[in-house]
Amino acid sequence: MKGYFSIKEIYENSGQTICKYTFCKQFPKTNVAYVKYYIGNKLYRNKAGRCPKNYKTTIDKYFVLNYSTIDPDNIHVDFSKEVKDSVLIKELESKL
């Protein structure tokens with residue numbers, strides 16, 4: 001049930017920003033995506049669930065990230081929504 005409460009918290013206390021998908025860590029039967037993002041003068045590097053299917057071609061690209069304003073470590077990355085706005089990307093890159 002932890003996943004349900006985590007998503008519920010993000011939905012009820014929603015914030016949105018962009019993140020940089022940095023790498024995919026492989027395990028024998030699964031994988032984990034890692035992202036970097038910046039919220040409230042603090043840099044975060046977190047797990048973002050499973051890697052997207054085309055993870056080798058999406059590394060170092062930018063995606064929409066929804067987070068809980070109560071706990072910015074509680075995140076959900078939408079790997080189907082790539083961000084290509086150069087202003088937003090440059091702003092994030094200057095903080096990474």
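Strands S4 and S5 pair in the antiparallel sense, with five bridges between them. The model is a predicted one. A hairpin of six residues connects S4 to S5, and on its other pairing S4 runs antiparallel to S1, joined by seven bridges. Aromatic rings from these strands form a cluster made up of Tyr21, Phe63 and Phe79.

**Strand pairing**

- Strand S4 covers residues 62-68, and strand S5 covers residues 75-82.
- Strand S1 spans residues 14-26.
- Between S4 and S5, Tyr67 stands opposite Ile75 of S5.
- Between S1 and S4, Thr17 has Leu65 of S4 as its bridge partner.

**Burial of S4**

- Seven of the seven residues of S4 are buried, so the strand is largely enclosed by the rest of the structure.
- Phe63, in strand S4, is buried, as is Phe79.
- In a regular strand, side chains point alternately to one face of the sheet and the other.

**Aromatic cluster**

- Five aromatic pairs turn up in a search of the whole structure.
- One of these is Tyr21 with Phe79, an edge-to-face pair with 5.2 Å from centre to centre and 65° between the planes.
- That pair links distant parts of the chain, because Tyr21 belongs to strand S1 and Phe79 to strand S5, 58 residues apart.
- Tyr21 is buried, with a relative accessible area of 0%, and the cut-off for buried is under 20%.
- Phe63 and Phe79 also pair: their ring centres are 5.2 Å apart and their planes stand at 70°, so this pair is edge-to-face, the cut-off being over 60 degrees.
- Phe63 is in strand S4 and Phe79 in strand S5, so their pair ties together parts 16 residues apart in sequence.
- Phe79 takes part in the pair with Tyr21 and in the pair with Phe63, and the three residues are linked by ring pairs into a cluster.

**Surroundings of Asn66**

- Asn66 is a residue of strand S4.
- The Asn66 side chain makes a polar contact with the side chain of Gln16, at 3.0 Å.
- Leaving aside residues up to four places away in sequence, Asn66 touches Ile10, Gly15, Gln16, Asn74, Ile75 and His76.
- Among these neighbours, Ile75 is the residue of S5 that stands opposite Tyr67, and Gln16 is the one whose side chain makes the polar contact with Asn66.

Definitions and conventions. Residues numbered from 1 in each chain as written. Predicted model: local features only at pLDDT ≥ 70, side-chain atom pairs only at ≥ 80, totals over all residues. Heavy atoms only, no water. Phe/Tyr/Trp six-rings, centres within 6.5 Å; stacked < 30°, edge-to-face > 60°. Helix = DSSP H or I, 4+ residues; strand = E, 2+ residues; numbered from the N terminus. Buried < 20%, exposed > 50% of the residue type's maximum accessible area, 1.4 Å probe, protein only. Pairing = 2+ DSSP bridges. Polar contact = N/O pair within 3.5 Å; in protein donor to acceptor, adjacent residues only side chain to side chain. Contact = heavy atoms within 4.5 Å.
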